[in-house]
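Student: I have not seen this structure before. Could we go through it one feature at a time, with the general idea before the case?

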Amino acid sequence: MEFIDQSLDDYCGAHTTAESALLAKLNRDTHVNILQPRMLSGHFQGRLLSLLSKMIRPERILEIGTYTGYSALCMAEGLTETGKIITLDINAQLEDFVRSYISESEYASKVDYRICNAMEEIPQLNEQFDLVFIDADKMNYINYYNLVFDQVKPGGYIFSDNVLWSGKVVQTEGKIDKDTQLLKEFNQLIQNDPRVENILLPIRDGIMIARKR
């Protein structure tokens, strides 16, 4: 996921608002105790998600893929006074860890954390969303996008993480793995979708931002 020189990346981080004490603790705890800590949004991307959420001021957010809860807590910072974020994850082994951090947060009452199969849960949600963040299994990115699209308000946003897949999406030699191929198809799907306007940001592992017209 290193797309720019490390010294420049460090400079960007040094000139970005610091994460809260709770988020810093969650960041450290994830890296020390949880497998695949690179899945964490982290300081820089977390501040981006927070600022974007504050610009949008969503009443309802849907997150598909909670991991340890870092990104959910960042996006919760921009919710309206009566706002709510529903965050879905299938990994029950992390539930106690995640709930402990949610409960410590000032946004605890606004976070609806559910252990479930997102493909089954989303059709049951009687909600319209201002913001959707897709950050779960890559094999289902296209399915998630199609499933949530009608539940996104006009003018609402769909963010999708890891769409550069460590740069593999521009790989021209060797065998392309299935996840890479599906992400390439996902990126092209959004690029060709006349219902949205979009931009792909080369931040960390790539974030696709699509705004529903």
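**Reading the model**

Student: Let us start with a cysteine. Is Cys116 buried or exposed?

Tutor: Cys116 is buried, at a relative accessible area of 14%. Buried means under 20% relative accessible area, exposed means over 50%, and partly exposed is what lies in between, using a 1.4 Å probe and protein chains only. Cys12, at 29% relative accessibility, counts as partly exposed.

Student: What should I know about the source of these values?

Tutor: This is a predicted model, in which local features need pLDDT of at least 70 and side-chain atom pairs count only at pLDDT 80 or more, while totals for chains, interfaces and linings use all residues. Residues are numbered from 1 along each chain as its sequence is written, and side-chain values use heavy atoms, leaving out hydrogens and water.

Student: How many disulfides does a search of the whole structure find?

Tutor: A disulfide is a covalent bond between the sulfur atoms of two cysteines. In practice the test is a pair of cysteine sulfur atoms within 2.5 Å. The search of the whole structure finds 0. For Cys12, the closest cysteine sulfur belongs to Cys74 and is 17 Å away, so the two are too far apart for a bond.

Student: How do I read a helix, and which residues of H2 are buried?

Tutor: An α-helix has 3.6 residues a turn, so residues three or four places apart point the same way. Helices (H or I, at least four residues) and strands (E, at least two) are DSSP runs, numbered from the N terminus. In H2, the buried residues are Leu22, Leu23, Ala24, Leu26, Asn27 and Thr30. They pack against helix H3 (42-56), helix H4 (70-76) and helix H5 (95-104). Contact here means heavy atoms within 4.5 Å.

Student: What span should helix H2 have?

Tutor: The expected span is 1.5 Å times one less than the number of residues. Helix H2 covers residues 21-33, which is 13 residues, so it should span 18 Å; its end C-alpha atoms are 18 Å apart, in agreement.

Student: Which residues does Arg47 touch?

Tutor: Arg47 is in helix H3. With a relative accessible area of 10%, Arg47 is buried. Not counting residues up to four places away in sequence, Arg47 touches Thr16, Thr17, Ala18, Glu19, Leu23, Cys74 and Glu77.

Student: And in a strand, which residues is Ile209 in contact with?

Tutor: Ile209 belongs to strand E7 (residues 207-212) and counts as buried, at 12% relative accessibility. Apart from neighbours within four places in sequence, Ile209 is in contact with Leu52, Tyr157, Ile158, Phe159, Glu197, Asn198, Ile199 and Leu201. Phe159 is 50 residues away from Ile209 along the chain, yet their C-alpha atoms are separated by 4.7 Å. Arg211 is also found in strand E7, and at 29% relative accessibility Arg211 counts as partly exposed.

Student: How is empty space found, and what volume does the largest cavity have?

Tutor: Rolling a probe the size of a water molecule over the atoms shows where empty space is left. On a 1 Å grid over the protein atoms alone, a cavity is a set of points where a 1.4 Å probe fits but cannot get out; a pocket is an open set with protein on both sides within 12 Å along at least five of seven lines; lining residues have an atom within 4 Å of a point. Grid points are joined across faces, edges and corners, and a volume is the space filled by probe spheres set on the points. The search finds 1 cavity of 30 Å³ or more, and the largest cavity has a volume of about 50 Å³. Its lining includes Met39, Tyr67 and Asp135.

Student: Which residues are closest to the centre of the largest pocket?

Tutor: The largest pocket holds about 800 Å³ of space. It is lined by 34 residues, and those closest to its centre are Gln36, Met39, Tyr67, Asp135 and Ala136. Strand E2 (84-89) and helix H6 (118-121) are the elements that give two or more residues to this lining.

Student: What is the sign of phi in Gln36?

Tutor: Most residues other than glycine have a negative phi. Gln36 has a positive phi of about 55°, although it is not a glycine. Gln36 sits in the loop between H2 and H3 and is exposed, with a relative accessible area of 55%. Arg204 also has a positive phi, near 50°. Arg204 lies in the loop between strand E6 (196-201) and E7, and at 24% relative accessibility Arg204 counts as partly exposed.
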